[in-house]
Amino acid sequence: VAVRRGQPLDKTAKAYDSRTQTITWEVKYNYDEKAIPQAKANLTDLFGTNQKLVYATTAKDGFTVQRVTIDPDTGAETGSETVDNYTVIPNAKGGFTLQFADDLTAAYKIVYKTTAENRVEAGLSVKNTINDAFGNKDEASQNIGQQVIQKTNLSGQTDYNNKTTAWRITLNGDEYTMSGVSVTDTLPAGLMFASAAGTGWACSASGQTVSCTRSDAIAPGASA
């Protein structure tokens with residue numbers, strides 16, 4: 001029976017939370033189940049643009065590491081056990097080094113999160129690169145989008161007989177503090193302004209230009 005082995009190193013972006021701009025990353029390490037001496041049982045990960053590690057008190061708090069059991073016939077995962085035999089050291093370039101405390105022979109799954117250091121004001125692709133001590137490396141990416149302002153057409157409120165439709169503009173989907181907020185929307189040719197309303201907003205129109213302002217701040221954790 002042929003033994004099916006995995007890759008020495010594999011990284012993927014598993015989830016993305018647009019509200020918090022947080023990405024969950026998963027690393028599969030030593031899925032080919034080689035014997036790795038402790039001195040070489042380490043991984044170095046470099047983050048992409050505008051990213052920082054998510055953790056409570058120490059960098060290690062942000063990690064879940066599991067020893068994984070692999071079926072030698074199918075290569076499928078058959079079980080896992082959370083372990084604590086490692087340290088995590090952040091590096092100045094943006095990233096970390098994870099060092100195991102023991103020799104390794106099993107496969108390991110490593111999960112951690114990063115989030116945006118600064119507010120995302122334009123969409124971008126975040127790329128992270130991980131390396132092991134044997135020259136293996138893998139790169140994963142995640143597209144993230146700005147949540148400062150979003151505009152959507154409410155197609156369910158379209159009235160074809162009266163030739164009207166409704167739009168919704170949502171601000172602060174990423175829940176920052178915003179003050180002195182004003183919104184200007186220029187309608188395309190063929191559309192005429194009918195009305196605008198929103199709690200705390202004062203709106204008016206001049207020709208094709210619709211302007212809305214508010215005097216109070218939008219607090220963290222709130223959208224408008």
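Q: Is Lys109 buried or exposed?
A: Lys109 counts as buried, with a relative accessibility of 14%, where buried means under 20% relative accessible area, exposed means over 50% and partly exposed lies in between (1.4 Å probe, protein chains only). Please keep in mind that this is a predicted model, in which local features need pLDDT of at least 70 and side-chain atom pairs count only at pLDDT 80 or more, while totals for chains, interfaces and linings use all residues. Residues are numbered from 1 along each chain as its sequence is written, and side-chain values use heavy atoms, with hydrogens and water left out.

Q: Okay, and which side chain does Lys109 meet in a salt bridge?
A: Lys109 meets the side chain of Glu77, at 3.0 Å from N to O, and a salt bridge here is a side-chain nitrogen of Lys or Arg within 4 Å of a carboxyl oxygen of Asp or Glu. This pair links distant parts of the chain, since Glu77 is in strand β6 and Lys109 is in strand β9 (residues 107-116), 32 residues apart. Strands (E, at least two residues) are DSSP runs, numbered from the N terminus.

Q: Which residues are linked with Glu77 in a network?
A: Lys28 and Lys109 are linked with Glu77 in a network of salt bridges. In the pair of Glu77 and Lys28, the closest N and O atoms are 3.8 Å apart. Glu77 lies in strand β6 (residues 77-82) and Lys28 in strand β2 (residues 22-29), so this salt bridge ties together parts that are 49 residues apart in sequence. Glu77 is partly exposed at 37% relative accessibility, and Lys28 is also partly exposed, at 25%.

Q: How many salt bridges are there by this rule?
A: The count comes to seven salt bridges, and one of them joins the side chains of Asp84 and Lys60, at 2.9 Å from N to O. Asp84 lies in the loop between β6 and β7 (86-91) and Lys60 in the loop between β4 (51-53) and β5 (64-70), so the pair ties together parts that are 24 residues apart in sequence. Asp84 is exposed, with a relative accessible area of 55%, whereas Lys60 is partly exposed, with 23%.

Q: New topic: how many disulfides does a search of the whole structure find?
A: The search finds one disulfide, which is formed by Cys203 and Cys212 with their sulfur atoms 2.1 Å apart; the term stands for a pair of cysteine sulfur atoms within 2.5 Å.

Q: Are those two, Cys203 and Cys212, buried or partly exposed?
A: Cys203 counts as partly exposed at 29% relative accessibility, whereas Cys212 counts as buried at 13%.

Technical notes: Helix = DSSP H or I, 4+ residues; strand = E, 2+ residues; numbered from the N terminus.
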